[in-house]
Amino acid sequence: MSDMITLKDVQKAFGDQSRSNVIDIGELTVRKGEFLCVVGQSGCGKSTLLNLIAGFLRPDSGVITLAGSRVEGPSADCIQMFQEYGLLPWRTVEQNIGFGLEIMKTEHAQRVEKVRQLINLVGLTGSEKLRPNELSGGMRQRVALARALAVEPKVLLMDEPFGALDSLTRLNLQIEIERIWAMTGKTIVWVTHSIDEAISLGDRVIVLSGQPGKIVATFEVDLPRPRIVADQRAVDLKMAILDVFGIHAINQPALLKTAN
Amino acid sequence: MAEPSASEADDTQAKASQMKRLAGILLPTLPILILLAVWYCAVRFGWVAAFLLPSPVAVFSSLLIMIMDGSLWMHASASLVRVGIGFSLATLTAIPIGLLLGQFAIAGRAFGPLVELMRTISPISWIPLAILWFGIGDNPAIFILFMASVFPLIISTRNAVVQTDPILLRVAANMGASPLQTILNVTLPASIPYIFVGMRISLGICWVVVVAAEMAGLRSGLGYLILDGRNLLRSDIVIAGMIAIGLIGLVLDLAMTIAARQLARYGYLKVT
């Protein structure tokens with residue numbers, strides 16, 4: 001498999017002497033079609049990492065490439081999705097999904113057809129004419145996903161996409177995203193602070209930690225899909241990841257609490 | 001069978017909501033009635049001289065006469081047309097300028113203070129120059145109304161643009177939107193509710209200012225009606241004109257509020 005995203009000696013700091021929100025990635029490669037999960041505590045630079053890959057931020061030093069060419073700014077090859085959905089509240093579901101295609105001046109008939117297919121793919125049939133404020137959180141994120149897929153990006157960058165959803169909706173959407181990923185073969189970089197989510201979705205899980213935020217551990221998740229989080233191998237993996245965060249006694253709730 | 005039946009419960013509930021609605025109408029009506037009563041008594045019992053303050057009966061009968069003979073409508077429509085033209089020109093000018101000042105930070109920093117300065121100049125103070133530049137007639141009044149509303153509207157549009165949800169702007173940038181595409185597809189629709197608040201305020205200002213503008217050499221309009229009433233020593237006409245101005249102003253404001261609610265229904269942010 002070829003490389004889709006590469007980072008080499010990338011550093012980024014904000015402010016003058018500020019030590020917060022700093023990131024320092026020696027080397028990171030994401031393979032084409034890989035599902036990479038990034039876990040870490042709040043403020044470790046996960047979002048900064050995504051913003052750098054998306055081109056919304058420029059690194060202070062180092063090189064980032066996407067599909068072989070250097071990232072110079074935002075591009076539709078690499079679409080970012082947010083916990084807050086980022087839907088246009090005055091547009092209906094289908095108009096939101098067609099937004100990127102409108103920007104790219106895709107021909108009307110082609111756009112309509114593509115939007116229809118995507119509505120099918122993400123399971124929103126029947127909701128085409130609704131507006132975001134009439135949708136549940138899960139449905140909104142489906143719209144955002146369809147809108148992202150519409151412009152046929154090579155990479156999807158997901159910043160805690162399910163962070164605002166209840167746990168059942170979240171599980172449901174995890175299954176959906178895995179199915180859509182398998183169908184479309186997109187490369188996905190998925191930021192989360194849920195280790196369970198990272199283990200059930202990722203081909204690989206990297207742990208970001210410290211100030212400046214560095215990749216402190218990498219885990220290949222070599223488990224058959226769809227995964228069951230209660231599987232002993234998944235549990236072992238979770239223990240190993242928690243170990244990185246210094247949480248050793250998973251079965252002692254009191255200790256867990258202080259660690260959080 | 002101590003439990004009240006469903007229909008009884010419905011009945012009490014309906015009665016309660018009816019009472020609430022009644023109170024909602026009565027509560028604001030009461031102070032108006034008290035004002036009218038005090039006014040009436042003040043004139044009736046000679047607390048103030050009738051030529052200074054005519055009785056409400058005299059005022060409302062003049063109002064009625066002016067409604068019947070069509071003169072009130074003639075003056076009101078003259079004022080409304082001037083406000084309509086001045087306000088529309090101001091809106092068409094202010095929204096594009098406000099969008100540009102909001103979208104491009106440099107332009108905002110450059111022109112923002114100038115607009116703020118212009119806004120603080122009372123629109124009435126433009127009257128001498130308006131007459132000098134545009135002569136006598138509708139044009140100076142329209143110019144004054146334009147000056148009265150264009151600056152507040154530029155400012156509210158600019159503020160609306162600046163407040164656009166940054167995530168929406170990032171989504172547009174991610175899709176590769178040009179500045180024009182971003183303005184048309186994101187910034188402008190996102191700003192509409194706030195622009196609307198600005199329009200409502202500006203229209204209110206226009207309606208206040210038109211009266212003053214019409215006192216400067218015009219032969220029609222509610223402002224002229226009031227001035228004419230004063231010249232004839234007819235305080236009843238003056239007050240009738242004032243009441244007409246107040247009521248029409250309320251209707252204009254209500255129309256803007258209804259329009260804003262309509263926009264909110266189409267998914268634009270809620271306007272209060």
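Start with strand S6 of chain A, residues 78–82. S6(A) contributes four residues to the lining of the largest cavity, the most of any element. Bear in mind throughout that the model is predicted.

Next, show the cavity itself. The space in the largest cavity comes to about 80 Å³. Its lining has 13 residues, and those nearest the centre are A:Ile79, A:Gln80, A:Arg147, B:Val171 and B:Met175. Select these five names and both chains light up.

To see which elements hold the lining, add helix H5 (137–150) of chain A and helix H7 (166–174) of chain B to the selection; each of them, like S6 of chain A, supplies at least two lining residues. Colour the lining by residue class: nine are nonpolar, two polar and two charged. In the model as a whole, four cavities of 30 Å³ or more are counted.

Now widen the view to the contact between the chains. Select 25 residues on chain A and 19 residues on chain B. The two chains bury about 1900 Å² between them, with carbon and sulfur atoms giving 66% of that area. On the chain A side, S6 appears again: this strand and helix H3 (99–103) each supply at least two of the residues touching chain B. By class, that side of chain A has 14 nonpolar, five polar and six charged residues.

Last, look for polar links across the contact. Which count is found for salt bridges between chain A and chain B? The count is zero. Polar contacts are present, however: eight residue pairs, with both residues at pLDDT 80 or more, join chain A and chain B in this way.

How values were computed:
Residues numbered from 1 in each chain as written. Chains lettered and ligands numbered in written order. Predicted model: local features only at pLDDT ≥ 70, side-chain atom pairs only at ≥ 80, totals over all residues. Heavy atoms only, no water. Contact = heavy atoms within 4.5 Å. Buried area = accessible area lost by both parts, 1.4 Å probe. Salt bridge = Lys/Arg side-chain N within 4 Å of Asp/Glu carboxyl O. Polar contact = N/O pair within 3.5 Å; in protein donor to acceptor, adjacent residues only side chain to side chain. Nonpolar A, V, L, I, M, F, W, Y, C, P; charged D, E, K, R; others polar. 1 Å grid on protein atoms, 1.4 Å probe; cavity = no way out; pocket = protein on both sides within 12 Å on 5 of 7 lines; lining within 4 Å. Points joined across faces, edges and corners; volume = space filled by probe spheres on them.
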